[in-house]
Amino acid sequence: MQIINEFRMTVDSKSINEGFSRAAVAAFVAQLDPTLDEISDIKMAVSEAVTNCIVHAYPTSVGKIYIYAAILDGGTVKVSIRDKGCGIMDVRQAMEPLFTTLGGERAGLGFAVMESFTDKISVRSVLGKGTTVTLYKKINGRAAV
């Protein structure tokens, strides 16, 4: 698929940046004139991915979160959220609903939420080097690219 438009940004893994990241990606996607449901879906998926970086990738420190978003031909949005944190030992297990390494108030639904609000999700992770979550969402919206 051909890239029509793209942007990149880097934020610190601080809770305050979760909302900013979600809003920035939503503003970028707005050029496709998405429906309220479509924009809400993207915001929810980005929010979960960024929160995973904040909570899991850098549990005892502040690191960088790298966000890339692209509009692909045909109105598909690709969003990659990457960290250089601790990585995920078993991606398949981590993607199982209700699985969490932290317990407590964490429900273990982050990946399940991302999957339910996007058309496709891919997760790559290397222990000690970080994780990349890539989300794809087709925007039917009200405008053609």
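Colleague: In what order do the five strands sit in the open sheet?

Modeller: Bear in mind that this is a predicted model. The five strands make one open sheet, and the pairing is antiparallel. Reading across that sheet, the order is β1-β2-β3-β5-β4.

Colleague: Which strands stand at the edges?

Modeller: Look for strands that have a single partner, because one side of such a strand is left without a neighbour in the sheet. That applies to residues 3–12 and to residues 120–126. So the edge strands are β1 and β4.

Colleague: And what does the twist average from one strand to the next?

Modeller: Going from each strand to the next, the twist averages 10°.

Colleague: Over how many bridges do β2 and β3 pair?

Modeller: β2 covers residues 64–72 and β3 covers residues 76–83. Ile 65 has Asp 83 of β3 as its bridge partner. Overall, the β2 and β3 pairing is antiparallel and the count of bridges is eight.

Colleague: What angle does helix α1 make with β1?

Modeller: Helix α1, residues 16–29, packs on the sheet and touches β1, β2 and β3. Its direction relative to that of β1 comes out at about 170°.

Colleague: Which strands does helix α2 lie across?

Modeller: Helix α2 spans residues 36–57 and runs at about 10° to β3. Besides β3, helix α2 lies across β2 and β5 (130–138), giving the set β2, β3 and β5.

Colleague: What share of the 145 residues counts as buried?

Modeller: The cut-off for buried is under 20% relative accessible area. Out of the chain's 145 residues, the share that counts as buried is 46%.

Notes
Residues numbered from 1 in each chain as written. Predicted model: local features only at pLDDT ≥ 70, side-chain atom pairs only at ≥ 80, totals over all residues. Heavy atoms only, no water. Buried < 20%, exposed > 50% of the residue type's maximum accessible area, 1.4 Å probe, protein only. Pairing = 2+ DSSP bridges. Helix = DSSP H or I, 4+ residues; strand = E, 2+ residues; numbered from the N terminus. Axes fitted to C-alpha atoms, helices over the stretch in contact; angles between N-to-C directions. Contact = heavy atoms within 4.5 Å.
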